[in-house]
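Q: Hey, I'm new to this one. Can you walk me through it?

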There are 2 protein chains.
Amino acid sequence: MNDKQKTIYGMRAKIIKALAHPARLLIIDELAKQPLCVCDIREHIGTDLSTVSKHLSVLKNVGIVKDERRGVQIFYSLRCPCVSSFITCAEQVLEITTGEQVRALAQKRPQRK
Amino acid sequence: MNDKQKTIYGMRAKIIKALAHPARLLIIDELAKQPLCVCDIREHIGTDLSTVSKHLSVLKNVGIVKDERRGVQIFYSLRCPCVSSFITCAEQVLEITTGEQVRALAQKRPQRK
DNA sequence: TATCTATTTGCTTATTTGGCAATATAGCCA
DNA sequence: TGGCTATATTGCCAAATAAGCAAATAGATA
């Protein structure tokens, strides 16, 4: 991996890493429906407000969400809706693997290939 | 976030986390072209063989790749090609953000909104 | 100024990563 | 069959990174 590749793949990984957390995936799911303020999101996640804020800043730093102040509240929304496709794909991987597990369990007898 | 959501989003995050590393993204990119053995991948990445093997096991554990022995070598391939779309989406996010940075730099004067 | 909302900072704990060395595994050949 | 070799994996450690909570800080509005 040369320097150019390191840069490119490093930047991509940074974005994907920002999504690689249960709370942040939930945030993405909710923001895909509508923009929300921090306290709204806090209710969905159920952790400390500062934790929510940190997750949002992670997503904001890599450009996945944007924020906009409306009075005392700050609303977040998706800047790039395609991130929802991450979840779809993750679901497909899950289906493939769990599907195979189910089939493997069902095949207690030697299978005819 | 209730228990069911924790499970669902946890599983999804696990899959996405498996992709959230520069070396593993490069592996995905290469495997999208053709199946490769560990030593082939090692040449692309340029780290210790054991490191490559670990990355592959991370991908295998979540079901993103599968392995198959051919003679003395073990070939890895994508089990779910949709993971390539992660990279495409990451590119889009990058374009949006870097595009905005470029525009922001170009606008040294106050902009008419 | 008082209050409501959100962010930042400091700190501890937990997780991830990469390299080295040791170990395991399968194929191949005498 | 038994041993040899090429290939791949695992264990262990140190360094780097991330997560979560709590307290302090900032910004808007009445």
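A: Sure, starting with a term we'll need: two residues are in contact if their C-beta atoms, placed from the backbone, lie within 7 Å. Also keep in mind that this is a predicted model.

Q: Okay, so what do the buried residues of α4(A) pack against?

A: They pack against α1 (3-19), α2 (22-33), α3 (38-45), β2 (65-70) and β3 (73-78), which belong to chain A.

Q: And which residues of α4(A) are the buried ones?

A: V52(A), H55(A), L56(A) and L59(A). They cover an arc of only 95° around the axis, so they sit on the same side of α4(A).

Q: What's exposed on the other side of α4(A)?

A: S50(A) and S57(A) are exposed there.

Q: How does the span of α4(A) fit what you'd expect?

A: It agrees: α4(A) has 13 residues, which at 1.5 Å a residue should span 18 Å, and its end C-alpha atoms are 18 Å apart.

Q: What comes just after α4(A)?

A: G63(A) does, and it takes a positive phi of about 85°.

Q: Switching to the DNA. How many residues surround strand C?

A: There are 22 residues around DNA strand C, and the closest are C37(A), C39(A), S50(A), Q73(A) and T47(B). S50(A) is also one of the exposed residues of α4(A).

Q: Which elements make up the surface near DNA strand C?

A: From chain A, α3, α4 and β3 each supply at least two residues, and so does α4 of chain B. The largest share comes from α4(A), with six residues.

Q: What classes of residue are on it, for DNA strand C?

A: The surface near DNA strand C has nine nonpolar, nine polar and four charged residues.

Q: Now DNA strand D. How many residues surround that one?

A: DNA strand D is surrounded by 23 residues. The closest are S50(A), C37(B), C39(B), S50(B) and S53(B).

Q: Which element gives the most to the surface near DNA strand D?

A: That's α4(B), with six residues. Elements supplying at least two residues each are α4 (49-61) of chain A, plus α3 (38-45), α4 (49-61) and β3 (73-78) of chain B.

Q: And the classes for the surface near DNA strand D? What do they look like?

A: You get 10 nonpolar, nine polar and four charged residues near DNA strand D.

Q: Let's talk about the two protein chains. How many residues does each give to the contact?

A: Chain A gives 37 residues and chain B gives 37 residues. On the side of chain B that touches chain A, α1 (3-19), α2, α3 and α5 (84-106) of chain B each supply at least two. The largest share there is from α1(B), with 11 residues.

Q: What about classes on that side of chain B? Which are there?

A: The side of chain B that touches chain A has 24 nonpolar, nine polar and four charged residues.

Q: How does chain B lie on chain A if you superpose them?

A: A turn of 180° with a shift of 0.0 Å along the axis lays chain B on chain A, at an RMSD of 0.1 Å. The two copies are therefore related as by a two-fold rotation axis. The same surface serves both: 100% of the contact residues of chain B recur in chain A.

Q: Back to α1(B), then. Which of its residues are buried?

A: I8(B), Y9(B), R12(B), A13(B), I15(B), I16(B), A18(B) and L19(B). This helix, α1(B), has 17 residues and reaches 25 Å from its first C-alpha to its last, close to the 24 Å expected at 1.5 Å a residue.

Q: And α2(B)? Which residues are buried in that one?

A: P22(B), A23(B), R24(B), L25(B), L26(B), I27(B), I28(B) and L31(B) are. With 12 residues, α2(B) reaches 17 Å from first C-alpha to last, close to the 16 Å expected at 1.5 Å a residue.

Q: I spotted K33(B). Buried or exposed?

A: K33(B) is exposed, because it has 8 other C-beta atoms within 10 Å, and 12 or fewer counts as exposed. K33(B) lies in helix α2 of chain B. Its C-alpha is separated by 9.5 Å from that of L78(B), 45 residues apart along the chain.

Q: Last one: where's K66(A)?

A: K66(A) lies in strand β2 of chain A. K66(A) counts as partly exposed, with 17 C-beta neighbours inside 10 Å. Leaving aside neighbours within four places in sequence, K66(A) is in contact with S77(A) and R79(A). K66(A) and S77(A) are 11 residues apart in sequence and 5.6 Å apart in space, C-alpha to C-alpha.

Terms used
Residues numbered from 1 in each chain as written. Chains lettered and ligands numbered in written order. Predicted model: local features only at pLDDT ≥ 70, side-chain atom pairs only at ≥ 80, totals over all residues. Near = placed C-beta within 6 Å. Helix = DSSP H or I, 4+ residues; strand = E, 2+ residues; numbered from the N terminus. Nonpolar A, V, L, I, M, F, W, Y, C, P; charged D, E, K, R; others polar. Buried ≥ 20, exposed ≤ 12 C-beta atoms within 10 Å, placed from the backbone. Least-squares fit on C-alpha atoms with pLDDT ≥ 70 in both. Expected span 1.5 Å × (residues − 1). Arc of directions from axis to C-beta.
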